[in-house]
Amino acid sequence: MESMAKYGVKTLIYSSTCATYGEPEKMPITEETEQKPINPYGKAKKMAEDIIFDFSKNSKMAVMILRYFNVIGSDPEGRLGEAPRPELREHGRISGACFDAARGITSGLKVKGTDYNTPDGTCVRDYIDVTDLVDAHVKALGKAQPGQVGIYNVGTGKGRSVKEFVDACKKATGLNIKVDFLPRRPGDYAEVYSDPAKIRRELNWTAQHTDLQKSIQVAWKWQKSRPDGYGVSSAI
């Protein structure tokens, strides 16, 4: 923050996460929901937010904090897609895990936790298409005001279970992906989805790409066209 101010950066859009909320007792999550992160990722992001808030008390920088929910999809024009380094695959997004299983990179998809207090026992998440996420950034950039910090949840407002996601992935890829159901993973919460009312009201943003299967199909098309990702060494 000090370096940005020193070199004249006027606007900051910070990529935060719904993980800063932890596992609230009440759904959906609004920007007023208390932040009680329960895993290292959420705690680190909240710490960064706290630093931004403290810095902004004596700064004219225009700041927008976007709390992403679960990002999926790819660029519809095929320019960009998801290609994590090999050592990160095990801890990556469910979409990447589904594609790895579909492509035979892994022996199957591991679903961790089937006894959560949700309709089908698997975790419920709010999946936001990356194209909508890009649009949210553009809207945030246009509304950022000097000396102010804006906070917005970026999600669809609808929760989908992991089992629903896996079913959509099977349909999108046309493959009967092998699924292994395993015990819970520490630090995962049962259910999380957003209330997007504030970002709709103040930034005129609403998620447009809300068909789970279509978003996965777009991402799968990129995966098939770029089996080696970006062709960059995993050492970089």
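## Close-up views of a predicted model

**View A. Contacts of Asp-100 in the predicted model.** With neighbours within four places in sequence left aside, Asp-100 is in contact with Arg-89, Ile-105 and Thr-106. The model shown here and in the other views is predicted. Asp-100 sits in helix H3. Its relative accessible area is 4%, so Asp-100 counts as buried. Helix H3 spans residues 94-102.

**View B. Helices H5 and H7 where they cross.** H5 covers residues 162-173 and H7 covers residues 212-225. Their axes come within 8 Å. The crossing angle is roughly 50°. H5 and H7 are therefore oblique to each other, since an angle between 35 and 65 degrees falls outside the parallel and perpendicular classes. The crossing is right-handed.

**View C. Residues at the contact of H5 with H7.** H5 contributes Glu-164, Phe-165, Ala-168, Cys-169, Lys-171, Ala-172 and Thr-173. From H7 come Leu-212, Gln-213, Ile-216, Gln-217 and Trp-220. By class, the residues of this contact are seven nonpolar, three polar and two charged.

**View D. The largest nonpolar core.** This core has 23 residues. Which residues have the most contacts inside it? They are Leu-109, Phe-165, Leu-212 and Ile-216. Helix H3, strand S4 (109-112), H5 and H7 are the elements that give two or more residues to this core. H5 supplies the largest share, six residues. Another core lies apart from this one and has 16 residues. Among them are Ala-62, Tyr-68, Trp-205 and Ala-207.

**View E. Surroundings of Leu-212.** Residues up to four places away in sequence are not counted here. Leu-212 touches Glu-164, Phe-165 and Ala-168, among others. Each of these three is also listed on the H5 side of the contact with H7. Leu-212 also touches Ile-72, Tyr-127 and Arg-160.

**View F. Gln-213 in helix H7.** Gln-213 lies in helix H7. Buried or partly exposed? At 26% relative accessibility, Gln-213 counts as partly exposed. Beyond its neighbours within four places in sequence, Gln-213 is in contact with Ala-168, Lys-171 and Ala-172. Asp-120 is 93 residues apart from Gln-213 along the chain. The C-alpha atoms of these two residues are separated by 19 Å.

**View G. The loop residue Tyr-193 and its partners.** Tyr-193 is placed in the loop between strand S9 (179-182) and helix H6 (197-203). Which residues are in contact with Tyr-193, leaving aside its neighbours within four places in sequence? They are Met-27, Pro-28, Ile-29, Phe-69, Asp-126, Gly-157, Lys-158 and Gly-159. Tyr-193 and Ile-29 are 164 residues apart along the chain. Their C-alpha atoms are separated by 6.2 Å.

**View H. The cis peptide bond at Pro-28.** Met-27 and Pro-28 are joined by a cis peptide bond. Its omega is about -5°. Pro-28 belongs to the loop between strand S1 (11-17) and helix H2 (40-56). Both Met-27 and Pro-28 are in contact with Tyr-193.

**View I. Backbone and exposure of Asn-204.** Asn-204 is found in the loop between H6 and H7. Its phi is near 60°, a positive value in a residue other than glycine. The relative accessible area of Asn-204 is 60%, so this residue is exposed.

Key
Residues numbered from 1 in each chain as written. Predicted model: local features only at pLDDT ≥ 70, side-chain atom pairs only at ≥ 80, totals over all residues. Heavy atoms only, no water. Axes fitted to C-alpha atoms, helices over the stretch in contact; angles between N-to-C directions. Helix = DSSP H or I, 4+ residues; strand = E, 2+ residues; numbered from the N terminus. Parallel < 35°, antiparallel > 145°, perpendicular 65-115°, else oblique. Left-handed = near helix turned anticlockwise from the far one by under 90°. Contact = heavy atoms within 4.5 Å. Nonpolar A, V, L, I, M, F, W, Y, C, P; charged D, E, K, R; others polar. Core = buried A, V, L, I, M, F, W, Y, C linked by side-chain atoms within 4.5 Å. Buried < 20%, exposed > 50% of the residue type's maximum accessible area, 1.4 Å probe, protein only.
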